[in-house]
Amino acid sequence: MEGWMKKQGGAFHSQWQQRYCVLEGEGLLKYYTTHTKENLRGIIDVHKATIIPDGPTTFYIEGPNVRKAKKYKFSVASKGECNAWVSSLKKAATPHLPSIHQSLSQPPTQPPPLPNNNETADQYIQQLTRAIEQNKNDADAYFNRGVAKSSYLQEYEGALQDWSTALTLNPAHADAYFNRGVIKKMCFNDIEGALQDYNHAIHYNPVYGNAYMNRGNIKKNFLEDWEGALQDYNKAIEVNPRQADAYTNRGNLKRNYLDDYQGALEDYNKAIEVNPKGGSAYFNRAALKRLVLSDYEGAVEDLTAVIELNPYDAEALTNRGIIKHECLNDFEGALADYNTALDCKHDPLAYVNRGRIKQHLNGLEAAKQDYEAALQLDPNCTTAEEHLQAVLEEMKECW
């Protein structure tokens, strides 16, 4: 989920800041100064966080293991959008301290749990620091402190340093390589460094399924190494046949780059069989059904499944509206989907498509307002500009 929010709190700012926020599958809320995601201002790890509504359009992110200076408050434009964010953030929050990974599956190892619920992250890290002071050759203590820094305090540079020290002490620590690779890619865009770390993780643990999958993602998304990515996804599935995300990623590779549409369909089907509550496989299968198989009713069914899992999924609502509008001539159904999508998230695409419906139904003034709203969100949206000019010409003819 992503969209504009006002943010208050953090280590340095107490004033409201307008930020473009993106909640990623790893449970990380990234925020930027622009919607193009070019200027990353910070990352909030919502694992073990508490999401607290504070009115129709505001909410807090806080938790017992988050420092006081790291309590955040957010404000959005509408009640529906607030509900969407609260729902998505609550799903992303988890009751344990995880090792960081790109997939949604559980990591192979866990650091020691907190002794009691009253212990803060700072106290936990102090405990690990004392263990290191007593034994400076304790690679696992450095590893666990790095996990705590990254998961609780978002101190990613400090986490990298701890994992690097752990690897100096234990060069065969596969989990340290894996976590360091995730942070290099996620926070510092160090693709080459991440790739090397995944290579090392696999070298020392040849059955490290998550490492194969993350390396496959790099080969697919950054290196255009389609065959290499396919081999890595195959290996990830061989290691763990119940890894739904690996099937979905392999299906996306087959659909988008290998033109293996039947293989993609089989992978999406398998991902849904393994995890019927995984929205990503439904969403991508809907895209395949719509764009390749011309199975528009089936695509609507898949998007409906996504929406049943998350009623505030604006992207699924918008795409279902597009299919109803463009493929099934269900204009009223499409309009309802666009309305709900815009209650959840102010998105230029949803405004443009709702404007097209209104223009078709002769609601020219309402269509004009939607195109203008799209351009306010994205002044470079050429589709909105083109439709706005068309509706203005049509309004002139009516005068």
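Trainee: Let's start with E372: is E372 buried, partly exposed or exposed?

Mentor: Happy to, and keep in mind that this is a predicted model. E372 has a relative accessible area of 31%. Buried means under 20% and exposed means over 50%, so at 31% E372 is partly exposed.

Trainee: Which residue forms a salt bridge with E372, and how far apart are the closest N and O atoms?

Mentor: Look within helix α16, where E372 has a partner four residues apart, a separation of about one helical turn. That partner counts as buried, at 18% relative accessibility. The salt bridge joins E372 to K368, with the closest N and O atoms 2.9 Å apart.

Trainee: D370 forms a salt bridge too; which helices does that pair link?

Mentor: D370 is buried, with a relative accessible area of 3%. Its salt-bridge partner is K358, and the closest N and O atoms are 3.4 Å apart. The two are twelve residues apart, and the pair links distant parts of the chain: helix α16 (residues 364-377) and helix α15 (residues 348-360).

Trainee: What about K149 and D162: are they buried or exposed?

Mentor: They form a salt bridge, with the closest N and O atoms 3.1 Å apart. K149 lies in helix α3 and D162 in helix α4, so the pair ties together parts that are 13 residues apart in sequence. K149 has a relative accessible area of 13% and D162 is at 4%. Both values are under the 20% cut-off, so K149 is buried and D162 is buried.

Trainee: Which residues are joined with K149 and D162 into one network?

Mentor: The model has 21 salt bridges by the rule used here. Some share partners, and in this network K149 and D162 are joined with R145.

Trainee: Which helix gives the most to the largest nonpolar core?

Mentor: In soluble globular proteins, nonpolar side chains tend to be buried together. Here the largest nonpolar core has 61 residues, of which Y156, W163, F178 and I183 touch the most other members. Eight of the core's residues come from its top contributor, helix α5 (residues 174-188).

Trainee: How many residues are in the second, separate core?

Mentor: Its members include C21, L29, Y31 and I51. The count for this second core is 19 residues.

Trainee: And on the surface, which residues form a nonpolar patch with L293?

Mentor: L293 lies in the loop between α11 and α12. It is partly exposed, with a relative accessible area of 41%. The patch has about 340 Å² of accessible area together, and L293 shares it with Y261, L291 and V292.

How values were computed:
Residues numbered from 1 in each chain as written. Predicted model: local features only at pLDDT ≥ 70, side-chain atom pairs only at ≥ 80, totals over all residues. Heavy atoms only, no water. Patch = residues over 30% accessible without salt bridge, like charges linked within 9 Å, V, L, I, M, F, W, Y side chains within 5 Å. Areas by Shrake-Rupley, 256 points an atom, 1.4 Å probe, with all protein chains shown as cover. Salt bridge = Lys/Arg side-chain N within 4 Å of Asp/Glu carboxyl O. Buried < 20%, exposed > 50% of the residue type's maximum accessible area, 1.4 Å probe, protein only. Core = buried A, V, L, I, M, F, W, Y, C linked by side-chain atoms within 4.5 Å.
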